[in-house]
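Please open the structure in a viewer and keep the selection tool at hand. The stops below are best taken in order.

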Amino acid sequence: MATDSILRSYGDNAAKEDVVLNAVEILTARETQIFNMLGKTSAIATVHEYLTDTLMTAASGAVAESGDYTATPLTTPSRLTNIVEIVAKNYKVSRTQQEIQHYHGQNELSRQTEKAMKDWGNMAEFDLVRSTLTSGASGTAPTLSGLIEATSKSTNHTSHNSGTVWNASILDGLMKDNYDNSNGDVATDIFMGSFLRNATDGFTQKSNIVVNNPGGLTSIVKTVSTYQTSFGTVNLHTHRYVQQSGDATGRILALRPEKLKVAFLRKPYIDTGLQRGGDYDNRAIVGKFTLEVRNQDSNWYSDGFDID
């Protein structure tokens with residue numbers, strides 16, 4: 001190209017950067033559906049204990065007009081336990097970083113505190129779903145028994161042959177088993193990854209309903225938000241932590257939230273008393289909690305499904 005001696009803008013290092021409306025986008029998604037959905041209670045020790053009991057199997061209670069009453073066997077509560085887990089997000093911000101100006105217009109310590117609270121929520125949600133029990137007695141970090149492990153037993157944990165295609169008939173069968181095992185207290189919310197959620201939207205049992213819209217057709221709806229079976233209606237949710245990239249097969253987690261509780265030994269707080277050795281502020285978001293499963297049979301878990 002011929003030289004025209006025109007000073008052009010591209011490549012000018014002195015130009016002010018274009019930060020759109022001075023916004024800084026946080027690219028990591030927040031995922032706190034289940035943690036927020038469950039009821040909350042309190043723990044008073046690192047080993048959290050709670051009690052469950054059962055009614056007798058229903059049978060005839062008829063007695064003869066002149067006969068004696070017949071005593072039936074009684075039961076006492078069973079003691080269940082879980083471990084309180086300490087979840088912490090530590091962050092350090094230099095005071096110089098707080099003193100300079102930024103495009104986002106916030107004090108950097110305040111902004112990092114907001115981010116840390118969101119990070120803590122994601123970490124708590126991840127462990128609530130996927131954590132396996134570790135006592136912490138050997139000096140390792142104690143971890144709670146999360147939903148997948150804590151709700152699972154031989155009668156409600158089903159592993160299909162690897163590559164099984166997820167379909168409506170399987171969901172119907174799992175809900176039937178759930179009803180039979182739980183005396184009718186079935187799961188009401190189902191959580192799955194994006195692949196199986198997309199497959200669920202394709203179930204052929206969907207109702208074909210024509211909606212007369214005076215203003216004309218404005219949208220095409222392909223998704224299914226609830227699924228009604230003979231044993232109850234379930235709400236369908238997509239969840240990032242039920243299904244992770246390292247999981248070999250697809251997973252489905254079905255819960256009855258009223259039978260589950262998050263027990264706090266200490267609710268999340270900002271720890272400002274951490275030692276520092278220089279011109280920076282040292283902070284941590286800390287919370288201590290565990291999971292109560294009031295009735296394992298009201299929930300179910302299944303894996304082995306095709307995800308490719």
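Begin by selecting Tyr 227 and Val 234, the latter being the bridge partner of Tyr 227 in β8. Helices and strands here are DSSP runs numbered from the N terminus (helices: H or I, at least four residues; strands: E, at least two). The model is predicted, so local features need pLDDT of at least 70 and side-chain atom pairs count only at pLDDT 80 or more, while totals for chains, interfaces and linings use all residues. Residues are numbered from 1 along each chain as its sequence is written, and side-chain values use heavy atoms, with hydrogens and water left out.

**The sheet of six strands**

Extend the selection to β7 and to β8 (residues 232–238), which pair in the antiparallel sense over 4 bridges; two strands count as paired if DSSP finds at least two bridges between them. Both strands belong to an open sheet of 6 strands with mixed pairing, in the order β5-β12-β9-β6-β8-β7. β5 (157–164) and β7 (226–229) are the edges, each having a single partner strand, so one side of each lacks a neighbour in the sheet. On average, neighbouring strands of this sheet are turned by 20° against each other, direction ignored; the axes are lines fitted to C-alpha atoms, for helices over the stretch in contact, and angles run from 0 to 180 degrees between N-to-C directions.

**The sheet of four strands**

Next, select β1, β10, β11 and β4, which form an open sheet of 4 strands in that order, with mixed pairing. Here β1 (39–42) and β4 (85–94) stand at the edges with a single partner strand each, so one side of each has no neighbour in the sheet. The average turn between neighbouring strands of this sheet is 35°, direction ignored. Within the sheet, β10 (residues 260–271) and β11 (residues 280–293) run antiparallel and are joined by 9 bridges. To view one of these pairs, select Ala 263 and its bridge partner in β11, Thr 290.

**Helix α3**

Move to residues 108–130, helix α3: its 23 residues reach 32 Å from first C-alpha to last, close to the 33 Å expected at 1.5 Å a residue. The expected span is 1.5 Å times one less than the number of residues. At the start of α3, select Asn 107, where a side-chain oxygen comes to within 2.9 Å of the backbone nitrogen of Leu 109.

**The largest cavity**

Which residues line the largest cavity? Select Thr 155, Asn 156, Thr 158, Leu 174, Asp 177, Asn 178, Asn 181 and Trp 300. A cavity is a set of points, on a 1 Å grid over the protein atoms alone, where a 1.4 Å probe fits but cannot get out; lining residues have an atom within 4 Å of a point. α5 supplies the largest share of this lining, 4 residues.

Definitions and conventions
A polar contact is a pair of N or O atoms within 3.5 Å; within protein, one must be able to donate a hydrogen and the other to accept it, and residues adjacent in sequence count only if both atoms are side-chain atoms. On a 1 Å grid over the protein atoms alone, a cavity is a set of points where a 1.4 Å probe fits but cannot get out, and a pocket is an open set with protein on both sides within 12 Å along at least five of seven lines; lining residues have an atom within 4 Å of a point.
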